[in-house]
Amino acid sequence: MSSGDRDRFVQNSARLLGHGDRAGRRVVLDILEDTLEALRPARLIDDTVSLEGDDLSIDGTDYDLDGFESRYLLAAGKGATAFARPLSESLEDRLTDGIA
């Protein structure tokens, strides 16, 4: 994804690119933007979780959600909400409950 196709993480890039080695600064900003995009929790969930019907795949491990009477989402830690939100959205109405 080119940096022009998404919201920028670095909000003052115009100021940073306004002086000094502009070409070098552009390269560094592009690397930073691409790195931050790759580490975005929703992106990581999109890259590792897929759902087709009742078949859930998480990082290559498959689960048949139809085989579970109840499904709970539990997330803990500093990034819990950031990871739980896109996962719960991808599971839609298939979750019984959850806590983050």
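## A starting point: Glu92

Glu92 lies in the loop between helix H4 and strand S5, which covers residues 97-99. This is a predicted model, and Glu92 is a good place to begin a walk through it. Most residues other than glycine have a negative phi. Glu92 is not a glycine, yet its phi is positive, at about 50 degrees.

Is Glu92 buried or exposed? With a relative accessible area of 55%, Glu92 is exposed, because the cut-off for that class is over 50%.

## The three-stranded sheet

Let us turn to the strands. S1, S2 and S3 make an open sheet of 3 strands in the order S1-S2-S3, and the pairing is antiparallel. S1 and S3 are the edge strands, as each of them pairs on one side only. From one strand to the next, the twist averages 20 degrees.

Strand S1 spans residues 49-52 and strand S2 spans residues 55-58; 4 bridges join the two, which run antiparallel. You can follow this pairing residue by residue: Val49 has Ile58 of S2 as its bridge partner, and Glu52 has Asp55 of S2.

On its other side, S2 pairs with S3 (residues 61-64), again in the antiparallel sense and over 4 bridges. Here Leu56 has Tyr63 of S3 as its bridge partner, while Asp55 stands opposite Asp64 in S3. If you are tracing side chains in the viewer, one general point may help: in a regular strand they alternate between the two faces of the sheet.

## Two hairpin turns

The hairpin of S1 and S2 has 2 residues between the strands, and Gly53 there takes a positive phi near 65 degrees. S2 and S3 also form a hairpin with 2 residues between them, and in that turn Asp59 has a positive phi of about 50 degrees.

Asp59 deserves a second look. Its place is the loop between S2 and S3, and its positive phi occurs in a residue other than glycine. How exposed is Asp59? The relative accessible area of Asp59 is 62%, so this residue counts as exposed.

## Where H3 meets H4

Now for the helices. Helix H3 (residues 41-48) packs against helix H4 (residues 80-91) at an angle of about 45 degrees, and their axes are 8 Å apart. That angle makes H3 oblique to H4, because angles from 35 degrees up to 65 degrees fall in the oblique class. The crossing of the two helices is right-handed.

Which residues make the contact between H3 and H4? From H3 come Pro41, Ala42, Leu44 and Ile45, and from H4 come Ala82, Phe83, Pro86 and Leu87. The residues of this contact divide into 8 nonpolar, no polar and no charged.

## H3 on the sheet

Back to the sheet for a moment: S1 and S3 are its edge strands. H3 packs on this sheet, touching S1 and S2, and the direction of H3 makes about 55 degrees with that of S1. H3 therefore has a place in two parts of this tour, as H3 also packs with H4.

## The loop before H4

One last stop is Gly77, in the loop between strand S4 (72-74) and H4. Gly77 counts as exposed, because its relative accessibility is 58%. Where along the chain is Ala100 relative to Gly77? The two are 23 residues apart, and their C-alpha atoms are separated by 8.3 Å.

Key
Residues are numbered from 1 along each chain as its sequence is written. This is a predicted model: local features need pLDDT of at least 70, side-chain atom pairs count only at pLDDT 80 or more; totals for chains, interfaces and linings use all residues. Side-chain values use heavy atoms; hydrogens and water are left out. Two strands pair if DSSP finds at least two bridges between them. Axes are lines fitted to C-alpha atoms, for helices over the stretch in contact, and angles run from 0 to 180 degrees between N-to-C directions. Angles under 35 degrees count as roughly parallel, over 145 as roughly antiparallel, 65 to 115 as roughly perpendicular and the rest as oblique. A crossing is left-handed if the near helix is turned anticlockwise from the far one by less than a right angle, and right-handed if clockwise. Contact means heavy atoms within 4.5 Å. Ala, Val, Leu, Ile, Met, Phe, Trp, Tyr, Cys and Pro count as nonpolar, Asp, Glu, Lys and Arg as charged, and the others, Gly among them, as polar. Buried means under 20% relative accessible area, exposed over 50%, partly exposed in between (1.4 Å probe, protein chains only).
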